[in-house]
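Welcome, and please open the model in your viewer. We will go from stop to stop, with something to select at each one.

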Amino acid sequence: MIINNVSVIDKKDCTGCGVCHDVCSFQAIEFREDEEGFLYPSIDKNRCTNCGKCLKKCQINYDEDTSTQKLCYIAYNKNDVESEKSTSGGVFPLITKYVLEKKGYICGAIIRNNDIFHIISNDNNDLQLMQGSKYGQSNLKNIYNEIKDKLNRNILCLFSGTPCQVNGLKIFLGKEYDNLICVDIVCHGVPNNKLLKDDLSHYGTKYNVLSFREKTKNNGTLYRMQLKDTENNTIKKVYSTDSLYFNAFMNSVSLRESCYRCKFAKMSRVGDVTLGDSAYSKNYSQLDPSKIVSLVLINNAKGNKVWKQISCDINYFEGDFEKEIRENKQLNRPSLRPNLRDEFYKDYYEKDYVSVCSKYKKKITSVSKIKRYVKSFIPIKYKLFIKKKLRRK
Ligand SMILES: Cc1cc2nc3c(=O)[nH]c(=O)nc-3n(C[C@H](O)[C@H](O)[C@H](O)COP(=O)(O)OP(=O)(O)OC[C@H]3O[C@@H](n4cnc5c(N)ncnc54)[C@H](O)[C@@H]3O)c2cc1C
Ligand code: SF4
Ligand code: SF4
Ligand code: SF4
C-alpha cells in the first residue's frame, strides 16, 4: 500500500506548523518530541485511514503565497506604556486594538510556565501576554480550527506568528477571507521548549521566563531574560551571553532543522503586515538612537488598510528597504547551519552541563562583565558618538 500521510515527509522539511494535526478528522495525528525535543507528527496506525488529507495540506507541497508589494516603515508606538511589553516598536498592540475594537479576536504566542503556545482571545488583558518575542517554538494545538470557525461566523480575526505558521493557516483555510488579518514576524528560527525548560532547571530554584528582551530608557534593547523565581517572587535577570539556551539560539546551534532551509526568509512575505527589528535604525539621522523601533513592511492592500487606521498612533517614516534587507539577515536567507549543530543536542543531553556550557557558550571574563556593567550606564547616543570618533581616527 502506498502511504498517503505525512509520515513520508522528510523530517528536515517539517516546520512543526501543526496543520496536519488539525485537518485529520480521525484524530490520528499526535505531536511527539524527538530525541532533541522538537515536536513532530506521529501517526496512530490504528486510526489512520490513509485518506491523504494531511499530506495534501502539508506546506511542503505548496509554493508560499507571498506578496512583493512593499511599503517599508521605521515605526514606534506613540504610547510608551502601551508598547512597554512589546519587543520592538510596539506596532503589534495597535493592530490588536484595531481588531478588538471591531469585536474581533486576536491570536498570538504567549509563554506560561515556560511553555510557549498560541491562544485566541477577545480579551484585552490577553494582549499583554501576547506582546513580546518568545524565543522558542510556539505550539498551535487546535488553533487553526478555532480560527476557521470564527472566520466562517464573520468574526474579524488577527493571526500573528512565524511565517511558516501564517503560511500553514492560509493553506489550512484554503481560501481568502476578507475578515482575516495576518501578521508575520521576521524570523531567525526556533529552538524547542524542552531545551528551555532543561536549561532553566540548572539555575537552582524554580524560574519562569517573563521575557527574553528588556527595554531600557537610554540604552535601547538588551538581550536579557527576566526570570521570576516562583518560590519567593523575586526577579532574576540573565544576559543572553550568560545563558546557554539564549547563546545557542543567537548562535543558531539549537534551531529546528527546517529553520536552516526556511523558504520564508526573504523579502517577499506571507503576512499582510510583517513586523521585525530595524537592523539599520542607528543610521537614520532623524531618529533618536535610544528609541526602540520596529521595521514594518506593508505587503498588500489589506495590510495598507490596517496601517491607515492605526498610523495616527504611530511615529514613523519611510525606511531604507534595501539597507534594511542587507542588514537584517533573515530578510535575505535562512540562518546558517553551523557545523556544531550536528553535535549540540547530543552533547547537551549526554554530557555534563558544565562541559556543554564551556563548548557552546561564549566565554565571559570578570573584566568583560565589569565592562558590560559600566557600559550599561552610558547612553547609547554617547556610545555611538565615541564609536564614530574612533572610526575617524
Ligand atoms: C523566534 C523569533 C525570532 C525572531 N527573529 C527575528 C529576526 O531575526 N529579525 C528580526 O528583525 N525580528 C525577529 N523577530 C521579531 C522581533 O523580535 C519582534 O517580535 C517584532 O519586531 C515585533 O515587535 P513588536 O514590538 O511590534 O510586537 P510585540 O508586541 O513584541 O509582539 C510580538 C508578536 O510576535 C508573536 N510571537 C512572539 N513569540 C512568538 C513565537 N515564539 N512564535 C510565533 N509568534 C510569536 C506574538 O504573537 C506577537 O504577535 C523574531 C521573533 C521571534 C518570536
Ligand atoms: S510541515 Fe506542518 S503540515 Fe507538514 S508534516 Fe510538518 S507539521 Fe505537518
Ligand atoms: S491520512 Fe487521513 S486519516 Fe491518516 S493521518 Fe492523514 S488525515 Fe488522518
Ligand atoms: S525560520 Fe522559518 S521554518 Fe523556522 S520557525 Fe521561522 S518561519 Fe518557521
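Start with the whole protein in view. With 393 residues, a compact globule would have a radius of gyration near 21 Å, and the protein agrees because its own value is 21 Å. Keep in mind as you look around that this is a predicted model. Along the principal axes, the C-alpha atoms fill a box of roughly 70 × 55 × 45 Å. Switch to a cartoon view and you can look for 15 helices and 15 strands. Buried residues account for 39% of the 393 residues.

**Colour the domains**

Next, give each domain its own colour. The domain assignment lists domain 1 as 6-61, domain 2 as 64-361 and domain 3 as 363-393. If you place a marker at the centres of domain 2 and domain 3, taken over C-alpha atoms, the two markers are separated by 28 Å.

**The start of the chain**

Select Asn 4, which lies in the segment before helix H1 (19-23). Is Asn 4 buried, exposed or partly exposed? It is partly exposed, because 16 other C-beta atoms lie within 10 Å, and a residue needs 20 or more to be buried and 12 or fewer to be exposed. Now add Leu 55 to the selection: Asn 4 and Leu 55 are 51 residues apart in sequence, but their C-alpha atoms are 6.6 Å apart in space.

Move on to Gln 27, in the loop between H1 and E1. Gln 27 has a positive phi of about 45°, although it is not a glycine. Gln 27 is exposed, with 10 other C-beta atoms within 10 Å.

From here, select strand E1 (residues 29-33) and strand E2 (residues 39-43), which run antiparallel and are joined by five bridges. Phe 31 stands opposite Pro 41 in E2. The hairpin of E1 and E2 has five residues between the strands, and there Gly 37 takes a positive phi near 110°.

**Three ligands and their surroundings**

Show ligand 2 and the residues around it. The shell holds 14 residues, and the closest are Val 6, Cys 14, Cys 17, Cys 20 and Cys 58. By type, the shell of ligand 2 divides into nine nonpolar, five polar and no charged residues.

Go on to ligand 3, which is surrounded by 15 residues. Which residues are the closest to ligand 3? They are Asn 5, Cys 24, Cys 48, Cys 51 and Cys 54. The shell around ligand 3 consists of nine nonpolar residues, five polar and one charged.

Then centre on ligand 4. Among the residues around ligand 4 are Thr 15, Thr 162, Pro 163, Cys 164, Cys 187, Arg 256, Cys 259 and Cys 262. The shell of ligand 4 has seven nonpolar residues, four polar and one charged.

**A covered helix**

Select helix H4 (residues 92-101). H4 is mostly covered, with seven of its ten residues buried. The buried ones are Phe 92, Pro 93, Leu 94, Ile 95, Thr 96, Val 99 and Leu 100. After H4 comes Lys 103, whose phi is positive, near 60°.

**The sheet of eight strands**

Now bring up an open sheet of eight strands, in the order E5-E4-E6-E7-E13-E14-E3-E15, with mixed pairing. At its edges are strand E5 (115-121) and strand E15 (314-318), each of which pairs on one side only. Neighbouring strands of this sheet are turned by 25° against each other on average, direction ignored.

Zoom in on strand E4 (residues 105-112), which is joined to E5 by seven bridges, the two running antiparallel. Ile 111 stands opposite Ile 116 in E5.

**The sheet of three strands**

For the last stop, select an open sheet of three strands, E8-E11-E12, with antiparallel pairing. Strand E8 (207-211) and strand E12 (235-239) stand at the edges with a single partner strand each, so one side of each has no neighbour in the sheet. The twist from one strand to the next averages 35°.

E8 and strand E11 (residues 224-229) pair over four bridges in the antiparallel sense. Pick Asn 208, and you will find its bridge partner in E11 to be Lys 228.

Finish at Asn 233, in the loop between E11 and E12. Asn 233 has a positive phi of about 65° although it is not a glycine. Asn 233 is exposed, with 7 other C-beta atoms within 10 Å.

Terms used. Residues numbered from 1 in each chain as written. Chains lettered and ligands numbered in written order. Predicted model: local features only at pLDDT ≥ 70, side-chain atom pairs only at ≥ 80, totals over all residues. Near = placed C-beta within 6 Å. Nonpolar A, V, L, I, M, F, W, Y, C, P; charged D, E, K, R; others polar. Domains from an automatic or database assignment. Pairing = 2+ DSSP bridges. Axes fitted to C-alpha atoms, helices over the stretch in contact; angles between N-to-C directions. Rg over C-alpha atoms; globule rule 2.2 N^0.38 Å.
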